[in-house]
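The following dialogue asks how certain terms come to be applied to a protein structure and its ligand. Each answer sets a value against the meaning of a term.

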Amino acid sequence: MSEQKFLPFALPDIGEDEINEVVDALRSGWVTTGPKTKQFEADFAAFIGEGVEAIAVNSATAGLHLALEAIGIQPGDEVIVPSYTFTATAEVVRYLGADPVVVDVDPATFNISPAAIRAAITPKTRAIMPVHFAGLACEMDEIIAIAREHGLKVVEDAAHALPTTYKGKLVGTLDSDVTVFSFYANKTMTTGEGGMVVSKNKDIIARCKIMRLHGISRDAFDRYVSKTPAWYYEVIAPGFKYNMPDTAAAMGIHQLKKIVAFREKREVMAQRFDRELADLPLILPARPAHAGDRHAWHLYPVRIKLEAGISRDDFIVCMAEKGIGCSVHFIPLHRQPVWRDGYQLDRAAFPVADAAFEAEVTLPLYTRMTADDQTRVIAAVREILGA
Ligand SMILES: *Cc1c(COP(=O)(O)O)cnc(C)c1O
């Protein structure tokens, strides 16, 4: 047995700058949404560019909910989502009493299939929610063209896609209505829990800002710094409690400064996996279709070919025995009881997502892994696959 420590599937990369900034927030006396959140939002908007505005929230799930509310999703509306995603993408549609219409994905990228979107459109369809799986951009030009043709909104679930480019443009600046990023613990940058809503549309931003904090027309910090009486506020809608605290934004300010370097490190690791696993009975992750585009490499998903002679489940057990954590992305929505039973989703209607799930395993890839850690992962995969 090896004496080596267990290599977890994911770990956040948090340095002294983040720790000191959180301590500063704690000492300042302002721990809820305040100056650090304002700074994080301004820094994030500047990073994305093209004059977008950014609204910090306490999760991407909250951000997706706000985005759908802001574009006017109503009970009985339909919103098209891919099966190959996390349940959050579909659950926010239900929060508003609307129905997620689950569709199949592209066999190379596992991203939502434009042909499947077209086939799913009905008179009730209001929006499309593409998910940039693993950090690889969806075919956004096609998706936006379909949306324009049918008068639909587009809300990007960019939980994996910071920073990702599509035809040279950062996700967040594309021609969708709203884009939502996640800062959950295992994402490409983290605030523990958190998310960011990004849009160029001033009305959407204004609505998200108000609904993020109880439907109040001024947030606590605005009231604190403003000249008009601090105690006065107006509630203009039954809103939510989705604001990001300064303790989280403090981490985000410094994580964002490192996000380009983080991505470059992930890219180098992904390229090494590509080289050193190329001869094995695996389907390696898709690369960007458009030359020069950047993949965020939130995940490194491989599929085990039939000829490998080992099931995905057994492969993960063998990796764990060698002290290496793996995961599966995703158990598709059509296999989850709530969506499967609630919408009578049959596996046969999702052949691509279903086959992908049965063969998929996500290898550990994160910036705190050392070259030796990656050597261990590669050696373990090669051994299990008999190379
Ligand atoms: C992580 C994730 C979310 C939810 O993000 P939270 O910040 O945890 O709410 C949504 N969609 C996808 C595809 C995700 O992977």
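Q: What makes a residue count as nonpolar, charged or polar?
A: Ala, Val, Leu, Ile, Met, Phe, Trp, Tyr, Cys and Pro count as nonpolar, Asp, Glu, Lys and Arg count as charged, and the others, Gly among them, count as polar. In this predicted model, the lining of the largest pocket divides by these classes into 9 nonpolar, 10 polar and 3 charged residues.

Q: How large is the largest pocket, and which residues lie closest to its centre?
A: Its volume is about 380 Å³. The lining consists of 22 residues, and Phe-86, Ala-159, Ser-182, Tyr-184 and Lys-187 are the closest to the centre.

Q: Which helices supply at least two residues of this lining, and which gives the most?
A: Helices H3 and H4 each supply at least two residues. H3 gives the most, with 3 residues.

Q: Why is the ligand said to sit in the largest pocket?
A: A molecule sits in a pocket if more than half of its atoms lie within 2 Å of the pocket's grid points. The ligand sits in the largest pocket, and therefore meets this condition. Helix H3 (60–70) and helix H4 (87–95) are the elements that give two or more residues to the shell around the ligand.

Q: What makes a residue part of the surroundings of the ligand, and how many residues qualify?
A: A residue is near the ligand if one of its heavy atoms lies within 4 Å of it. The ligand is surrounded by 16 residues, of which Thr-61, Asp-157, His-160, Ser-182 and Lys-187 are the closest. By class, this shell holds 7 nonpolar, 7 polar and 2 charged residues.

Q: Why are the pairs that Ala-60, Thr-61 and His-160 form with the ligand called polar contacts?
A: A polar contact is a pair of N or O atoms within 3.5 Å. A backbone N or O atom of Ala-60 lies 2.9 Å from an oxygen atom of the ligand. For a polar side-chain atom of Thr-61 the distance to a ligand oxygen atom is 2.5 Å, and for one of His-160 it is 2.7 Å. Each pair therefore falls within the cut-off and is a polar contact.

Q: What share of the ligand's exposed area does the protein bury?
A: Taken alone, the ligand exposes 390 Å², and the protein buries 93% of that.

Q: What makes an empty space a cavity, and how many are found?
A: A cavity is a set of points where a 1.4 Å probe fits but cannot get out. The search of the whole structure finds 2 cavities of 30 Å³ or more. The largest cavity has a volume of about 160 Å³, and therefore passes that limit.

Q: Which residues lie nearest the centre of the largest cavity?
A: They are Leu-11, Asn-186, Lys-187, Arg-266 and Tyr-366, from a lining of 22 residues. That lining has 13 nonpolar, 6 polar and 3 charged residues.

Q: Where are cis peptide bonds found?
A: One joins Leu-162 and Pro-163, with omega about -10 degrees. Pro-163 is in the loop between strand E5 (153–157) and strand E6 (165–166). Another runs from His-329 to Phe-330, with omega near 0 degrees.

Methods
Residues are numbered from 1 along each chain as its sequence is written. This is a predicted model: local features need pLDDT of at least 70, side-chain atom pairs count only at pLDDT 80 or more; totals for chains, interfaces and linings use all residues. Side-chain values use heavy atoms; hydrogens and water are left out. A polar contact is a pair of N or O atoms within 3.5 Å; within protein, one must be able to donate a hydrogen and the other to accept it, and residues adjacent in sequence count only if both atoms are side-chain atoms. Accessible areas come from the Shrake-Rupley method with a 1.4 Å probe; for residues, only the protein chains shown count as cover. On a 1 Å grid over the protein atoms alone, a cavity is a set of points where a 1.4 Å probe fits but cannot get out, and a pocket is an open set with protein on both sides within 12 Å along at least five of seven lines; lining residues have an atom within 4 Å of a point. Helices (H or I, at least four residues) and strands (E, at least two) are DSSP runs, numbered from the N terminus. Grid points are joined across faces, edges and corners, and a volume is the space filled by probe spheres set on the points.
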